[in-house]
Number of protein chains: 2
Amino acid sequence: MEETERQQLHRRGSGVSTVYETLRNEIIELKLPPGSPIDEQHLSDRFALSRTPIREALVRLAAEGLITTLTNRATIVSNIDFLGLPEFFDALTLMYRVTTRLAASNHAEGDIVAIRVQQKAFEVAVANRDVLGMIATNRDFHIAVAQAGRNRYYVELFTRLLDEGRRILRLYYSSFNDVLPRQYVGEHEEMIQAIINRDVSLADSLASAHADQIVRQIRSYITADSRQNAGLAL
Amino acid sequence: MEETERQQLHRRGSGVSTVYETLRNEIIELKLPPGSPIDEQHLSDRFALSRTPIREALVRLAAEGLITTLTNRATIVSNIDFLGLPEFFDALTLMYRVTTRLAASNHAEGDIVAIRVQQKAFEVAVANRDVLGMIATNRDFHIAVAQAGRNRYYVELFTRLLDEGRRILRLYYSSFNDVLPRQYVGEHEEMIQAIINRDVSLADSLASAHADQIVRQIRSYITADSRQNAGLAL
DNA sequence: TGTATTTTTCTTGTCGACAAAAAGTCGGCA
DNA sequence: TGCCGACTTTTTGTCGACAAGAAAAATACA
């Protein structure tokens, strides 16, 4: 009689994906910053689940590289690898190009409306000067494009790369939230048109330029010299 | 006193990776054919482990797409998606090209010897007319090249694609084991030379041709008409 | 005899508890 | 006072058992 309320808290099997998605979001949005320790017991209390399903979610996150498990010791949120940034930019640019190309050649009717929905959300974020929203909706827009390209291998890799990008940009957001790359909206529009016209090479070059823009922006965030006392006489 | 022998069977934490690697191999080598049911209890008995570490290994395999879990029902070895083969070929070709290009521009001294080691193994397999060995060593060769290119994103995707390719080719091996693509050895040699000379565009075109070869070979295996009575008069 | 419904069985999902490994703590000793 | 070693604590890895869900079997009914 007394244990009836606990039963319906989670549908059997739903708990682990809830934990997975929640933690995944918190990691990407830096609510859990890199290096944060992940305590299984704590999560067990938080989600009102035993450690077993928690552990399952953690294994999934580890497979994606979002967390790092030090065997028998601790598991922490993976650090952002700044030395590996060139690799990241290379892969990101390639995926931008390939997915946009494929979208231009393979898309169906419905794909365009899905892309347009994401583009609208992106416009709203830009209008509101919501940098965090822009980062998130830009990701969704390009994933919609990738899905129109109909290649699951690219979609998967691209998703991972864009999420990694969100994590990186989050680090720099607060100090630069007035630098709003408004031109992205127009670039997205051009890309949509090229896709509709099935102009593969135009789509490619637009994606390439777009990727360069974004890489340049991330680079500028990262290398920005914010030392206030650089000119101080010594 | 009596339970001393069980303790040293596995070092703490080693069991799950053993299970993971063993199953992974058996799936790739079609020892576990697509659609095979994966019974946790059975595996628990087989590896002399509780179901918990088994489950952990299965979650990892599922994240890689090698097994499919039907919730609350069963978990089976993932089917080979023949309808998705064009996507597969597209991604495979792109990764052949990109990794070889990067190897040409980014490789260090040590990378070449690693590549040569794999190439030797490949030559041996070809000399022995060992098709299965050829498939495996060809994979190792190209992964060595990819590693020389120094981009972990590409290495990871390429590894998955090549392993998926091994699975596909295994399906056709037995009926075509006298068709030995000997020219691959020479093509590998050319690629190595282009990499050493840091000739990126030559490396690219060689990789592209090599990929076309392999895609064509897989296609020919798959579409080969093996009907014995095709000419039978009716 | 065929179909619908209940019962059984089998497999997965979850739990609480225990064991091992590592880090932290404390005390002893030079 | 500083360093080394044993003890304690904390956290992960593993286990056996139980519960829920779905398929299979058995039963009832038309």
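Me: How do you know how chain A can be laid on chain B?

Reply: In this predicted model, a turn of 180 degrees with a shift of 0.1 Å along the axis lays chain A on chain B with an RMSD of 0.2 Å, the superposition being by least squares on the C-alpha atoms of residues with pLDDT of at least 70 in both. The two copies are therefore related as by a two-fold rotation axis. The same surface serves both, since 100% of the contact residues of chain A recur in chain B, where contact means heavy atoms within 4.5 Å.

Me: What makes a residue count as near DNA strand C, and which come nearest?

Reply: One of its heavy atoms must lie within 4 Å of the strand; of the 19 residues around DNA strand C, Arg12(A), Gly13(A), Ser50(A), Arg51(B) and Arg55(B) come nearest.

Me: Why is the approach of Arg12(A) to a base oxygen of DNA strand C called a polar contact?

Reply: A polar contact is a pair of N or O atoms within 3.5 Å, and an N or O atom in the side chain of Arg12(A) is 2.2 Å from a base oxygen of DNA strand C, so the pair meets the definition. For Thr52(A), a side-chain N or O atom is 3.4 Å from a base nitrogen of DNA strand C.

Me: Which part of DNA strand C does the protein approach?

Reply: Of the strand's atoms within 4 Å of the protein, 59% belong to sugar or phosphate and the rest to bases.

Residues are numbered from 1 along each chain as its sequence is written, and chains are lettered from A and ligands numbered from 1 in the order written. Local features need pLDDT of at least 70 and side-chain atom pairs pLDDT 80 or more, while totals for chains, interfaces and linings use all residues, and side-chain values use heavy atoms, leaving out hydrogens and water.

Conventions:
Polar contact = N/O pair within 3.5 Å; in protein donor to acceptor, adjacent residues only side chain to side chain.
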